[in-house]
Amino acid sequence: MVKEYDISKPNDIRKFIRELENEMDHQKTMGINQMTFDINCPECGTLINVKNGLNRYSSCNEQFNFNLDFSL
Ligand SMILES: [Zn+2]
């Protein structure tokens, strides 16, 4: 499953989290910290692969914290 999301848009974040929850159902044995996700860098728009926690964009060297809250 490869989908692109624009994390600067609240709508996309909601879709993204919904997809993640579906994905979690299928991958219960896999911890959230081992999962990676393809998103578009909000700085330069390049498709990047991120993990839960602190990430660094390889494209533009921006740093950001990608925190997923599944207690919704
Ligand atoms: Zn970037």
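Start with the contacts across the whole chain. In this predicted model, 21% of the contacts with a separation of 6 or more link residues 24 or more positions apart. Color by burial next: of the 72 residues, 6% count as buried.

**Overview**

Switch to cartoon. The protein has 1 helix and 4 strands. Read from the N terminus, the order is α-β-β-β-β.

**Stop 1: the helix**

Select residues 10-26, which make up helix H1. Within H1, pick Asp 12. Is Asp 12 partly exposed or buried? Asp 12 is partly exposed, because 16 other C-beta atoms lie within 10 Å; the cut-off for buried is 20 or more. Now show its contacts. Leaving out residues up to four places away in sequence, Asp 12 touches Tyr 5, Asp 6 and Ile 7.

**Stop 2: strand E1**

Select residues 36-40, strand E1. Turn on side chains. Phe 37 and Ile 39 point to one face, and both are buried. Thr 36, Asp 38 and Asn 40 point to the other face and are not buried. Such alternation between the two faces of the sheet is what a regular strand shows.

**Stop 3: the E1-E2 hairpin**

Add residues 47-51, strand E2. E1 and E2 pair in the antiparallel sense, over 5 bridges. Which residue of E2 is the bridge partner of Asp 38? Select Asn 49 to see that partner.

Now move to the turn. The hairpin has 6 residues between its strands. Among them is Gly 45, with a positive phi near 85°.

**Stop 4: Thr 46**

Stay in the loop between E1 and E2 and select Thr 46. Thr 46 is exposed, because it has 12 other C-beta atoms within 10 Å, and the exposed class covers 12 or fewer. What does Thr 46 touch, not counting residues up to four places away in sequence? Show Asn 40, Cys 41 and Ser 59. Then draw a C-alpha to C-alpha distance from Thr 46 to Ser 59: the two are 6.8 Å apart in space and 13 residues apart in sequence.

**Stop 5: the E3-E4 hairpin**

Select residues 53-56 for strand E3 and residues 63-66 for strand E4. These strands run antiparallel, joined by 4 bridges. Pick Asn 55, then its bridge partner in E4, Phe 64.

Finish in the turn of this hairpin. Between E3 and E4 there are 6 residues. Select Asn 61 in the turn; its phi is positive, about 65°.

Definitions and conventions: Residues are numbered from 1 along each chain as its sequence is written. This is a predicted model: local features need pLDDT of at least 70, side-chain atom pairs count only at pLDDT 80 or more; totals for chains, interfaces and linings use all residues. Helices (H or I, at least four residues) and strands (E, at least two) are DSSP runs, numbered from the N terminus. Two strands pair if DSSP finds at least two bridges between them. Two residues are in contact if their C-beta atoms, placed from the backbone, lie within 7 Å.
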